[in-house]
Amino acid sequence: MARNVGIDEIRRRKRARMKTLLGLTSFEQKEEHTPELMLKWSENNRDLYKVINSLKSNYRDVIILRAIKELSVPETADILHWNENKVRITYHRALKVLKDKREDIKYER
């Protein structure tokens, strides 16, 4: 049981890191809710969703299910009618493409 608790904690931290990387951190975690902060958060989310929508459909679907809706690999595989290995590989590739595209947008500004 302790092993499973440890594994769950590692997964939770990994999801939190991924959300931070993608800019999906919860707005409620912010201490101050200044108008400037709210505007910046809104702009970041708009940019993120714009980039997600520009991905090819397989990447977009797996990002939405795994990163945004936080579904497990087996759940995602069941919804997409893929095997679990394909979900893992596609998710990894999609995150890489998403990160590259977000960096491109940052450099354009």
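Glu 84 and Arg 88 sit 4 residues apart in helix α5 (residues 84-108), so about one helical turn separates them. Their side chains meet in a salt bridge, with 3.5 Å from N to O. This is a predicted model, so please read every value here as computed from it. Glu 84 is partly exposed, at a relative accessible area of 34%, and Arg 88 is partly exposed too, at 44%.

**Salt bridges**

How many salt bridges does a search of the whole structure find? The count is 3. As background, side chains of opposite charge can pair when their charged atoms come close. Besides the pair in α5, there are two that involve Glu 9: one with Arg 12 and one with Arg 13. Here they are together:

| Pair | Helix | Closest N to O |
|---|---|---|
| Glu 9 and Arg 12 | α1 | 2.5 Å |
| Glu 9 and Arg 13 | α1 | 3.0 Å |
| Glu 84 and Arg 88 | α5 | 3.5 Å |

Let's look at the α1 group. Helix α1 covers residues 2-22, and within it Glu 9 and Arg 12 are 3 residues apart, about one turn of the helix. Arg 13 lies 4 residues from Glu 9 in the helix, which means that about one helical turn separates this pair as well. Glu 9, Arg 12 and Arg 13 are thus linked in a network of salt bridges.

Are these three side chains buried or exposed? Glu 9 has 28% relative accessibility, so it counts as partly exposed. Arg 12 is partly exposed as well, with a relative accessible area of 43%. Arg 13 reaches 52% and is classed as exposed, because the cut-off for exposed is over 50%.

**Another look at α5**

His 92 is also found in helix α5. At 56% relative accessibility, His 92 counts as exposed. If you are tracing the fold, note that His 92 and Ile 63 are 29 residues apart in sequence, while their C-alpha atoms are 9.3 Å apart in space.

**The largest pocket**

Next comes the empty space. Rolling a probe the size of a water molecule over the atoms shows where such space is left. The largest pocket in this model has a volume of about 520 Å³. It is lined by 16 residues, and those closest to its centre are Lys 14, Arg 15, Arg 66, Val 73 and Tyr 91. Which elements give two or more residues to this lining? They are α1, α3 (57-68) and α5. Helix α1 supplies the largest share, with 6 residues. Sorted by class, the lining holds 7 nonpolar, 2 polar and 7 charged residues.

**Helix α4 and what follows**

Val 73, one of the residues closest to the pocket centre, also belongs to helix α4 (residues 73-80), where Val 73, Thr 76, Ala 77 and Leu 80 are buried. Why do these four lie on the same side of α4? They cover an arc of only 100 degrees around the axis, and that puts them on the same side of the helix. Just after α4 comes His 81, which takes a positive phi of about 60 degrees.

Key
Residues numbered from 1 in each chain as written. Predicted model: local features only at pLDDT ≥ 70, side-chain atom pairs only at ≥ 80, totals over all residues. Heavy atoms only, no water. Salt bridge = Lys/Arg side-chain N within 4 Å of Asp/Glu carboxyl O. Buried < 20%, exposed > 50% of the residue type's maximum accessible area, 1.4 Å probe, protein only. 1 Å grid on protein atoms, 1.4 Å probe; cavity = no way out; pocket = protein on both sides within 12 Å on 5 of 7 lines; lining within 4 Å. Points joined across faces, edges and corners; volume = space filled by probe spheres on them. Nonpolar A, V, L, I, M, F, W, Y, C, P; charged D, E, K, R; others polar. Arc of directions from axis to C-beta.
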